[in-house]
Amino acid sequence: MAIAKKINRRAQILQALASMLQTNPGQRITTAKLAAHVGVSEAALYRHFPSKARMFEGLIEFIEETLFSRINKIISEEKDSTTRCQLILRLILGFAEKNPGITRILNGDALMGEQDRLRDRIAQLFERLETQLKQVLRERKLREGKSLPAEEAVIANFLICYADGRINQFIRSKFTRRPTEDFNEQWQLINTQFFLN
C-alpha cells in the first residue's frame, strides 16, 4: 500500500510540474511553489525526488518512453517509409499539442538555469528522433527500391527542423497555434518535395 502511494505521489508531483510549466510560461518554478501546488512540504518533495533536476528527468523519461514506444509501434505496423515519416512527425506534433507544459522542456525553455545535463538529454532526444527518421529513409532505398532527391541525413534533418519549428511556434503563441494545425496540407508539400518520384 505504501509503495502504491509513493508511486502515485511521484506521478502527482510530475503532473503538477507539467501543469505549472504550462500555466507559468517564462517563470522559473521553485520547489517551494511546486510543493505548494501539490499541497505538500518541500521536504515531502525531496522524499520522492532528490532534486528538482530529477523531477525534470522524470518528465524527460516520460517524453522518451511515450515517443519511442509509439514510434516502434508505427515501424512494426506500417511498412511504407513515406507513411512512417508522416506518422512519426504527426506523433511528435500531437504529443506536443497534448502536453503544452512538457513542450517547454522539448524546446529547452523550461530548462534555462537548470543543469546542463538536462539540456544535453533533450538534444540527445532530438538526435535520436532524427536518427530514427534517417533509418526509415535509408530503408526506403534498400527495401522499397525508391530513390530520394537528397541524402537521407539532409531530409531527416529537414523533417526534425520542421517539427522543432512547429513546437517553438506553439510555445511562442502561448499555446494557441496548435502544432498539428494545417499538418495535412503541409505534409502534402513535404511529400511532393521529397517522396513523389
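Start by selecting helix 1, residues 2-23, which in this predicted model contributes the most to the lining of the largest pocket, with eight residues. Keep helix 1 displayed and add helix 4 (52-77) and helix 6 (100-106), since these three are the elements that each give two or more residues to that lining. The pocket itself has a volume of about 270 Å³, and 16 residues line it. To find its centre in the viewer, select Ala11, Leu14, Gln15, Leu59 and Phe62, the lining residues that lie nearest to that point. If you then colour the lining by residue character, you should find eight nonpolar residues, six polar ones and two charged ones.

While helix 1 is still on the screen, select alanine 16, which lies in this helix. Is alanine 16 buried or exposed? It is buried, because its relative accessible area is 7%, under the cut-off of 20%. Now add alanine 36 and draw a distance between the two C-alpha atoms: alanine 16 and alanine 36 are 20 residues apart along the chain, and their C-alpha atoms are separated by 10.0 Å.

Next, hide these residues and select helix 7, residues 116-144, together with helix 8, residues 152-172. Two packed helices are described by the angle between their axes and the distance between the axes. For helix 7 and helix 8 the angle is about 135°, and the axes are 8 Å apart. That angle makes helix 7 oblique to helix 8, and the crossing of the two helices is right-handed.

From helix 8, follow the chain into the loop that leads to helix 9 (183-194), and stop at lysine 174, which is placed in this loop. Phenylalanine 175 lies in the loop between helix 8 and helix 9 as well, so select both residues and look first at their backbone.

Most residues other than glycine have a negative phi. Lysine 174, however, has a positive phi, near 55°, and phenylalanine 175 also has a positive phi, near 70°.

Then turn to the side chains and the surface. Which of the terms buried and exposed applies to lysine 174? Lysine 174 is exposed, because its relative accessible area is 65%, over the 50% cut-off. Phenylalanine 175, by contrast, is buried, with a relative accessible area of 17%, which is under 20%. With a surface displayed over the loop, you can end the tour by comparing exposed lysine 174 with buried phenylalanine 175.

Note on methods. Residues are numbered from 1 along each chain as its sequence is written. This is a predicted model: local features need pLDDT of at least 70, side-chain atom pairs count only at pLDDT 80 or more; totals for chains, interfaces and linings use all residues. Side-chain values use heavy atoms; hydrogens and water are left out. Helices (H or I, at least four residues) and strands (E, at least two) are DSSP runs, numbered from the N terminus. Buried means under 20% relative accessible area, exposed over 50%, partly exposed in between (1.4 Å probe, protein chains only). On a 1 Å grid over the protein atoms alone, a cavity is a set of points where a 1.4 Å probe fits but cannot get out, and a pocket is an open set with protein on both sides within 12 Å along at least five of seven lines; lining residues have an atom within 4 Å of a point. Grid points are joined across faces, edges and corners, and a volume is the space filled by probe spheres set on the points. Ala, Val, Leu, Ile, Met, Phe, Trp, Tyr, Cys and Pro count as nonpolar, Asp, Glu, Lys and Arg as charged, and the others, Gly among them, as polar. Axes are lines fitted to C-alpha atoms, for helices over the stretch in contact, and angles run from 0 to 180 degrees between N-to-C directions. Angles under 35 degrees count as roughly parallel, over 145 as roughly antiparallel, 65 to 115 as roughly perpendicular and the rest as oblique. A crossing is left-handed if the near helix is turned anticlockwise from the far one by less than a right angle, and right-handed if clockwise.
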